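Open the model in your viewer, keep the selection tool at hand, and let us walk through it one stop at a time.

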Amino acid sequence: MRSDRWTPLTDSLLADQVSLEDDDLRRMESQFFAAVEAGDCDRKIEITHKIARAVGKNKSSILFPSFLADIRDCADFESAQLQFFLGTAAFARHNFSLSVECFERARMNIKLSENDQLAYLATFNLAGALNNMGEVDQAINLISELIESGNPFVTENRHNVLMNLGAMQMSNFQYDLAFRAFEKIDRSQLKDRFENILRFNELILFQNTGSQTRADSMWVEFIRDIEIESLPAGLYTAITR
């Protein structure tokens with residue numbers, strides 16, 4: 001059983017990128033075809049970066065993912081950052097098998113460049129893609145390894161990593177482990193939205209483990225007044241009230 005509440009992380013890798021408008025994206029597509037005709041690998045890779053980032057931000061391109069066949073022979077095709085953006089784009093299009101392929105390739109090449117941020121994001125998102133394919137055990141193992149890795153970006157985002165680990169363990173019926181993951185979260189560091197998500201997950205845990213009194217108490221004390229729109233899609237409907 002998988003958890004459907006996973007959103008891929010891009011952090012500052014995408015935050016500083018200018019979002020392409022539809023007209024700009026169409027021009028990029030035309031320029032890519034011209035680069036293919038000219039056999040210009042550098043230009044093809046440059047445009048691929050831009051299109052992949054746009055698709056990762058939920059834009060749609062006629063080239064994705066078919067254009068991968070036109071860049072596989074380019075020297076920079078294997079670069080960790082390009083593979084990360086391709087994986088994120090595939091995730092956004094719900095092509096999780098391609099997303100797994102790209103994130104795994106990114107992780108393999110990140111080890112050579114020792115980029116802690118990219119290693120964290122690619123591993124976290126690889127776990128998300130595996131989770132969405134129903135490979136929950138593999139996803140849980142990846143996140144568990146990530147927590148033990150000592151990566152400074154994992155430490156900085158520990159609450160988010162633990163929240164997703166607990167959610168996957170819940171979906172895998174590992175309720176005791178999910179409770180332990182949630183207990184490790186420093187609630188003083190949580191913003192309201194994350195605090196609400198954590199409480200919803202705990203409510204679901206109480207219900208699924210027969211602790212109805214605790215579930216009812218949490219509902220009355222915290223849950224019933226939360227704005228549903230602020231929560232990830234599907235979380236509210238998981239409550240069996």
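**Helices 3 and 4**

Begin by selecting helix 3 and helix 4, whose axes come within 8 Å and cross at roughly 35°. One thing to keep in mind as you look: this is a predicted model. Helix 3 passes helix 4 with a left-handed crossing. To see the contact itself, show side chains for I45, T48, H49, A52, R53, V55 and G56 on helix 3. Their partners on helix 4 are Q81, L82, F85, L86, T88, A89 and A92. Colour the contact residues by character and you should find eight nonpolar, five polar and one charged.

**The whole chain**

Now zoom out and show the protein as a cartoon. How many helices and strands are there in the protein? There are twelve helices and zero strands, so read from the N terminus, the elements run α-α-α-α-α-α-α-α-α-α-α-α. If you colour by accessibility, 50% of the 241 residues count as buried. Contacts are worth a look too: among those between residues at least 6 apart in sequence, 65% join residues at least 24 apart.

**The loop between helix 3 and helix 4**

Go back to the first pair of helices and follow the chain from one to the other. Helix 3 covers 41-56 and helix 4 covers 80-92, and P65 is in the loop between them. Select F64 together with P65: the peptide bond from F64 to P65 is cis, with omega near 5°.

In the loop between helix 3 and helix 4 you will also find N58. Check its backbone: phi of N58 is near 75°, a positive value in a residue other than glycine. Is N58 buried or exposed? N58 is exposed, at a relative accessible area of 61%.

**An aromatic cluster**

Stay with F64 and add F32 and F67 to the selection; F32, F64 and F67 form one aromatic cluster. A pair of aromatic rings is described by the distance of the centres and the angle of the planes. The protein's count comes to eight aromatic pairs. In one of them, the ring centres of F32 and F67 are 5.4 Å apart and the planes stand at 55°, so the pair is tilted. Trace the chain between these two and you will see that the pair links distant parts of it: F32 belongs to helix 2 (residues 22-38), F67 to the loop between helix 3 and helix 4, and they are 35 residues apart. Both F32 and F67 are buried.

For another pair, select Y120 and F124. Their ring centres are 6.0 Å apart with the planes at 55°, so this pair is tilted. Y120 and F124 both sit in helix 6, four residues apart, which is about one turn of the helix. Y120 is buried, and so is F124.

**Helices 6 and 7**

You are already on helix 6, so extend the selection to helix 6 (residues 116-132) and helix 7 (residues 136-147). Their axes come within 7 Å and cross at roughly 160°. Helix 6 is therefore roughly antiparallel to helix 7. The crossing of helix 6 and helix 7 is left-handed. On the helix 6 side, the contact is made by Y120, T123, F124, L126, A127, L130 and N131. On the helix 7 side, pick V136, Q138, A139, L142, I143 and L146. Sorted by character, the residues of this contact are ten nonpolar, three polar and no charged.

**An arginine in helix 5**

Next, select R105, found in helix 5 (residues 96-113). Is R105 buried or exposed? R105 counts as buried, at 15% relative accessibility. Which residues is R105 in contact with, leaving aside its neighbours within four places in sequence? Show R72, F77, E78 and Q83 to see them.

**Last stop: F173**

Finish at F173, in the loop between helix 9 (158-171) and helix 10 (175-183). Phi of F173 is near 65°, a positive value in a residue other than glycine. With 52% relative accessibility, F173 counts as exposed.

Technical notes: Residues are numbered from 1 along each chain as its sequence is written. This is a predicted model: local features need pLDDT of at least 70, side-chain atom pairs count only at pLDDT 80 or more; totals for chains, interfaces and linings use all residues. Side-chain values use heavy atoms; hydrogens and water are left out. Axes are lines fitted to C-alpha atoms, for helices over the stretch in contact, and angles run from 0 to 180 degrees between N-to-C directions. Angles under 35 degrees count as roughly parallel, over 145 as roughly antiparallel, 65 to 115 as roughly perpendicular and the rest as oblique. A crossing is left-handed if the near helix is turned anticlockwise from the far one by less than a right angle, and right-handed if clockwise. Contact means heavy atoms within 4.5 Å. Ala, Val, Leu, Ile, Met, Phe, Trp, Tyr, Cys and Pro count as nonpolar, Asp, Glu, Lys and Arg as charged, and the others, Gly among them, as polar. Buried means under 20% relative accessible area, exposed over 50%, partly exposed in between (1.4 Å probe, protein chains only). Rings of Phe, Tyr and Trp (its six-membered ring) pair if their centres lie within 6.5 Å; planes under 30 degrees apart count as stacked, over 60 as edge-to-face and the rest as tilted.
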